[in-house]
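The exercises below are meant to be worked through with the sequence and the model open side by side. Try each task before reading the solution that follows it.

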Amino acid sequence: MVRTYDLMKEAKLTRATTEGLYKEGQWAQALIGFDQLLENGVSDGNLLHDRAVCIFQLGRQKEALRELDKAVDKEPNNPYRYASRAWMRSALKDVDGAISDYKKAIELDPEDAISLNNLGLLEEQYGHRKAAQERFKKADTLLGILKDAGVDPSETEPAPSPPATEKQEAQPQEKKGLWTEVKAVFTDSKQAKAFFRFVRNGFRS
């Protein structure tokens, strides 16, 4: 019996179908579709980015980072490309590279609260608490987290978060669909608020 995977390689997947597979966390199947689209001359920034994420989720992390570089080169003025690469570099323990990319993302979009928060978390690992706290305060202000909680931002300092353990850092490869959740944080302020609280609480609900 021919496997479904082999049948999909022979089929011509549309972009809509491919993106649907990607959103569902069907990484191997989505990658087939993205490869087919590339063969047909489609190579925009979104496709290159999503294809790199599929490769990352399939355990080929270093290859994925090289592929994500292509998305950055394709759209050098898109802050989300740098933020995505920063997340991936952080997962690969390239803290310096992640910090550099988050700073670039913030340079292009000073109101990118997620990048501000994540940059602060990385700066804390180097002991730069003052700089990290400034990032947190700005991120909190942008998203209105403290205002919603009825707290004056000028009187509050976020508790430092512990560095991620090896188990936590491995989650992006192991947990199906995690990238979809992380990507949603970049675009949904409500999810971002919940995510911030989770991270600041030491990765506990």
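**Exercise 1.** Are glutamate 67 and arginine 51 buried or exposed?

*Solution.* The model is a predicted one, and the statements here should be read with that in mind. Glutamate 67 is buried, and arginine 51 is buried as well. For glutamate 67 the relative accessible area is 14%, and because the limit for a buried residue is under 20%, this residue falls on the buried side.

The next step is to look at what the two side chains do. They meet in a salt bridge, with 2.9 Å from N to O. Glutamate 67 belongs to helix α5 (residues 61-74) and arginine 51 to helix α4, so this pair ties together parts of the chain that are 16 residues apart in sequence.

**Exercise 2.** Compare two salt bridges, that of lysine 70 with glutamate 67 and that of lysine 104 with glutamate 107, and describe where the partners sit.

*Solution.* Begin with lysine 70 and glutamate 67, whose side chains meet at 3.2 Å, N to O. Because they are three residues apart in helix α5, about one helical turn separates them. Lysine 70 counts as partly exposed, at 42% relative accessibility, whereas glutamate 67 counts as buried.

Turn then to lysine 104 and glutamate 107, whose side chains meet at 3.4 Å, N to O. These two are three residues apart in helix α7, and so they too are separated by about one helical turn. Lysine 104 is partly exposed at 26% relative accessibility, while glutamate 107 is exposed, with a relative accessible area of 57%.

To place these pairs in a wider setting, note that a search of the whole structure finds 13 salt bridges. A network of salt bridges links Asp69, Arg85, Arg89, Asp94 and Asp101.

**Exercise 3.** Which residues does leucine 48 touch, leaving aside those up to four places away in sequence?

*Solution.* Locate leucine 48 in helix α4 (residues 45-57). With a relative accessible area of 10%, leucine 48 is buried. Beyond its sequence neighbours, leucine 48 touches Leu38, Ser43, Glu67, Lys70, Ala71 and Lys74. A further check uses the backbone: the C-alpha atoms of leucine 48 and aspartate 69 are separated by 9.0 Å, although the two residues stand 21 places apart along the chain.

**Exercise 4.** How many aromatic pairs does the structure hold, and what is the geometry of the pair formed by tyrosine 22 and phenylalanine 34?

*Solution.* The structure holds three aromatic pairs. In the one formed by tyrosine 22 and phenylalanine 34, the ring centres are 6.1 Å apart and the planes make an angle of 75°, an edge-to-face arrangement. Because planes over 60 degrees apart count as edge-to-face, the angle settles the label. This pair links distant parts of the chain, with tyrosine 22 in helix α2 (residues 15-23) and phenylalanine 34 in helix α3 (residues 27-39), twelve residues apart.

Both partners are out of reach of the surface by the accessibility criterion: tyrosine 22 is buried at 4% relative accessible area, and phenylalanine 34 is buried at 0%. Ring pairs link Tyr22, Trp27 and Phe34 into a cluster.

**Exercise 5.** Which residues of the largest nonpolar core touch the most other members?

*Solution.* The core has 39 residues, and those that touch the most other members are Tyr22, Phe34, Cys54, Met88 and Tyr102. The elements giving two or more residues to this core are α2, α3, α4, α5, α6, α7, α8 and α9 (129-143). The greatest contribution is that of α4, with seven residues. Cysteine 54 offers a view of how the core connects to the aromatic cluster, since it touches Tyr22, Trp27, Ala30, Leu31 and Phe34, not counting residues up to four places away in sequence.

**Exercise 6.** Describe α7 and the loop that precedes it.

*Solution.* Helix α7 has 14 residues and reaches 20 Å from its first C-alpha to its last, close to the 20 Å expected. Its buried residues are Val95, Gly97, Ala98, Ile99, Asp101, Tyr102, Ala105 and Ile106, and they pack against α6 and α8 (113-125).

Lysine 93 is found in the loop between α6 (79-91) and α7 (95-108). Lysine 93 is exposed, at 52% relative accessible area, and its phi is near 70°, a positive value in a residue other than glycine.

Definitions and conventions
Residues numbered from 1 in each chain as written. Predicted model: local features only at pLDDT ≥ 70, side-chain atom pairs only at ≥ 80, totals over all residues. Heavy atoms only, no water. Helix = DSSP H or I, 4+ residues; strand = E, 2+ residues; numbered from the N terminus. Buried < 20%, exposed > 50% of the residue type's maximum accessible area, 1.4 Å probe, protein only. Contact = heavy atoms within 4.5 Å. Expected span 1.5 Å × (residues − 1). Phe/Tyr/Trp six-rings, centres within 6.5 Å; stacked < 30°, edge-to-face > 60°. Salt bridge = Lys/Arg side-chain N within 4 Å of Asp/Glu carboxyl O. Core = buried A, V, L, I, M, F, W, Y, C linked by side-chain atoms within 4.5 Å.
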